[in-house]
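Student: I've got a model open and I'd like to talk through how some of its descriptions are justified. Can we go step by step?

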Amino acid sequence: METMTESKQKVNNSKTVKISGAEALVRCLLAEGVDLVYGYPGGAIMPVYDEFYKYKKELHHVLTRHEQGAIHAAQGYARVSNKVGVAIATSGPGATNLITGIADAQIDSTPVVCITGQVGSHLLGSDAFQETDIISISTPVTKWNCQITKASEIPEVLAKAFYIAKSGRPGPVLIDITKDAQFGEVDFVYNKCEKIRSYTPVPQMDSAKIEAAATMINQAKKPFIVWGQGLTIGKAEEEFKAFIEKAGIPSASTLLGLSALPSDHELHTGMVGMHGNYAPNKLTNECDVFIAIGMRFDDRVTGNLETYAKQAKIIHFEIDPAEVDKNVKTDIAVLGDVKDTLEAILPLIEKRDHKNWLKEFNDLYDIEYREVIDAQIHPKSKGLTMAETIEGINKVTKGEAVIVSDVGQHQMMACRYSNFKQIRSKITSGGLGTMGFALPAAIGAKMGAPEREVVAIIGDGGFQMNIQELGTVLQTKVPVKIVVLNNQFLGMVRQWQELFFDRRYASTEMTNPNFVMIAQGYGIKARKVSERKDLAGAIEEMIASKESYFMEVMVEMEENVFPMIPTGSSVSDVRLK
């Protein structure tokens, strides 16, 4: 039986000791505070997995059922916990199966470190069994990557990997380690990385830009704020709340910015974007000062750039200089950590209320409620709707749950109708739009925040892309709640086919299996809801369960998501039907 002293000695990195590269890797992870890793073993990474076995008291490894499940779980974990997620895989197909999740993490600025095994260094370039040049493949979708061929390189490279992944604008890092480097020996000592020459993760704040921005905001008659996930990444939610309340500025969220401000805040006017709310989309082209905070002017937010906020002065609070002027020309760029820049500008902001301007948002919301919202959450049709299901979940969770959504119509409904009271409560695939994201991401989110209720909202199409991760739920017994909104279509594509392709439903109708039986086969409590009278009770039963729970809701087959901005149109052309 290992003593506590022996256990501590195993992870003591203050003295130089000679160990294998594989053990050095595990010690690096422990030194960075990692206690949870998602992955899938294979030949080229087996030495590391042997060390996982030896260190299983200190480091918990979660065996997913696919490498894509591992990276998405690491993303969900990172997004909810504000820690670096870790995913590990073998060479060849194991490594390439991580790529979609890595690309997803890159565009959504999620800090993950991916570790892949590689064939022996003497076999590199020989087309050896399960050899793939993962460094070249991953270069376009990583913040940094590196191949290790010697055990001695492991501590320094791993230290850099974690520093780069979490500093500044975070993102994914991939480290590829040859098998001989894992077997080789290293005089191990670990020093955390705190600086890299020529790498400046946070640009220096310019006080003159802060003052200029404050003057422009104070002089504005119709200022408008759109915030993004940068607020959450920068842990600046409180500073932002103080800023908008002092300035009295109507504010709206991007898809990934949701939950940074409580949904019921009087200055929260909704979500912008293709399926966002009517008022913030419409009034983007009527404000006189547009303040972008931690967002990147994605095309789903801006619509036609030729007509986007042309009448307004643009102020952009941003940590990444590459995002400034990339899509929208700014008048004042306020670079720096958003927590620091908001803290710096707050004393310079005058106390105002902008009541008449805010009333314009509220009046347009009333129109949207009458034309769209009321009909979606209180439908007169016999069939169940996605919106009323989300509303039912709201009532039971009271806005306290973490909502993880996949990609498609259900994603837009979950973002539009979920209520959020706590920060880091909305997790979805934004920039890449990855179907199959939600189930493994929800597993990671629940492990990252075990004290919180985690509900995955998934479409029948996306659910089947990573349905095998029900096996991870079975093995880990993670009590995640899974809701499949089944319309028997690839719903978002079908909606476009209805509106823009004369209802030619090409390859979008789905013949689905018995999801309830499948869930039960994985040992998960499951229930199917087809009638309105059963919905509320089923939701209450699901949330009350102390174990994992699967609920399938049969929703209307041709329900559409509105409002909608057609591709290439102006945000002013947002349609209510």
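Student: Which helices and strands each supply at least two residues of the lining of the second largest pocket?

Tutor: Keep in mind that this is a predicted model. Strand E11 (268–271), helix H16 (355–377) and helix H18 (409–417) each do that. H16 gives the most, with seven residues.

Student: How much space lies in that second largest pocket, and which residues are closest to its centre?

Tutor: About 620 Å³. The lining has 24 residues, and Ser263, Asn277, Tyr365, Arg416 and Asn419 are the closest to the centre.

Student: What classes of residue make up the lining of that pocket?

Tutor: Eleven are nonpolar, eight polar and five charged. Tyr counts as nonpolar and Arg as charged, while Ser and Asn fall among the polar ones.

Student: Now to the helix pair. What makes H12 roughly parallel to H15?

Tutor: Helix H12 (residues 237–247) and helix H15 (residues 338–345) pack at an angle of about 30°, with their axes 9 Å apart. Angles under 35 degrees count as roughly parallel, so H12 gets that label relative to H15.

Student: And which hand does the crossing of H12 and H15 have?

Tutor: It's left-handed.

Student: How do you know that H12 and H15 meet, and which residues are involved?

Tutor: Contact means heavy atoms within 4.5 Å. On the H12 side you have Glu239, Phe240 and Phe243, and they meet Lys339, Leu342, Glu343 and Ile345 in H15. By class, that contact has four nonpolar, no polar and three charged residues.

Notes:
Residues numbered from 1 in each chain as written. Predicted model: local features only at pLDDT ≥ 70, side-chain atom pairs only at ≥ 80, totals over all residues. Heavy atoms only, no water. 1 Å grid on protein atoms, 1.4 Å probe; cavity = no way out; pocket = protein on both sides within 12 Å on 5 of 7 lines; lining within 4 Å. Points joined across faces, edges and corners; volume = space filled by probe spheres on them. Helix = DSSP H or I, 4+ residues; strand = E, 2+ residues; numbered from the N terminus. Axes fitted to C-alpha atoms, helices over the stretch in contact; angles between N-to-C directions. Parallel < 35°, antiparallel > 145°, perpendicular 65-115°, else oblique. Left-handed = near helix turned anticlockwise from the far one by under 90°.
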